Amino acid sequence: MQQGQTPAGVKIEAFPEKTMIFGLFRKKNNNQAIVDRQYAALTAAARMPDLYERLNVPDTVIGRFEMLSIVMILFFRRTRASAVSGQEIAQEIVDAFFQDIDYSIRELGIGDNSVPKRMKKLAGMFYGRLEAYSKAMDAGDREALALALQRNIYPESPAPADMSGLAGWMMAAEAHLSAIPEEMIAGGAAKLPPVANSSVA
């Protein structure tokens with residue numbers, strides 16, 4: 001994982017008990033291998049070909065950012081009820097997510113003066129998605145979730161793709177994660193499920 005500057009002081013309205021302060025969280029040395037393993041599993045899940053080939057996620061830079069955001073949101077929702085160790089890992093993973101975005105922006109040649117503004121915008125996008133998706137998922141409303149996904153993944157399209165399959169996969173993934181034992185979360189061994197036929201029904 002690459003190191004960079006991360007946005008700070010963004011409050012999660014969907015999770016009022018938490019305030020993520022990026023860059024100020026002190027990592028524990030014994031957490032690093034766990035964080036690396038879990039982060040790799042989450043990013044691999046976001047790259048599953050079926051998400052792009054079957055569930056209408058565009059295979060573009062923006063589409064991949066959207067999927068990375070989704071898997072981070074799913075993992076964060078799972079760990080909100082975890083013990084301190086699970087929440088610490090979740091914090092470090094979200095930090096790593098933004099550090100990688102920061103690094104990618106700089107690799108594209110964006111000037112240092114522009115990076116903080118872009119990162120602030122991306123952080124706002126991420127937390128806006130967290131709030132919108134959480135509202136729909138907490139209500140068990142697949143249709144509302146599909147509409148929120150449409151708005152975010154196809155914001156300017158006059159004919160956005162049907163996102164009900166992705167919404168179904170997200171709900172199935174949340175159920176899958178909720179059944180994972182806490183020791184697997186603490187050990188960085190959580191994995192998201194593949195795209196099943198029921199997700200696209």
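Hi everyone, this is a short walk through one chain and the way two of its helices pack.

Please keep in mind that we are looking at a predicted model. The protein chain has 201 residues, and 45% of them are buried. Its secondary structure comes to 8 helices and 2 strands. Starting at the N terminus, the two β elements come before the run of α elements. As for contacts between residues at least 6 apart in sequence, 69% join residues at least 24 apart. The accessible surface is about 10,000 Å², with 53% of that belonging to carbon and sulfur atoms.

Now to helix H3, residues 61–79. Its 19 residues should span 27 Å at 1.5 Å a residue, and the end C-alpha atoms are indeed 27 Å apart, so the two agree. Of those 19 residues, 15 are buried, so H3 is largely enclosed by the rest of the structure.

One of its neighbours is H7, residues 164–178. How do the two pack? The angle is about 35 degrees and the axes lie 9 Å apart, with H3 passing H7 in a right-handed crossing. On the H3 side, the residues in contact include Met67, Ile70, Val71, Leu74 and Phe75, and they meet a set in H7 that includes Leu166, Trp169, Met170 and Ala173. By class, this contact has 10 nonpolar, 1 polar and 3 charged residues; Arg77 and Arg78 in H3 and Glu174 in H7 are part of it too.

Last stop, Ala172, also in H7. Ala172 is partly exposed, at 34% relative accessible area. From Ala172 to Pro193 is 21 residues in sequence, and 8.0 Å in space between their C-alpha atoms.

Thanks, and I'm happy to chat.

How values were computed:
Residues numbered from 1 in each chain as written. Predicted model: local features only at pLDDT ≥ 70, side-chain atom pairs only at ≥ 80, totals over all residues. Heavy atoms only, no water. Axes fitted to C-alpha atoms, helices over the stretch in contact; angles between N-to-C directions. Helix = DSSP H or I, 4+ residues; strand = E, 2+ residues; numbered from the N terminus. Left-handed = near helix turned anticlockwise from the far one by under 90°. Contact = heavy atoms within 4.5 Å. Nonpolar A, V, L, I, M, F, W, Y, C, P; charged D, E, K, R; others polar. Expected span 1.5 Å × (residues − 1). Buried < 20%, exposed > 50% of the residue type's maximum accessible area, 1.4 Å probe, protein only. Areas by Shrake-Rupley, 256 points an atom, 1.4 Å probe, with all protein chains shown as cover.
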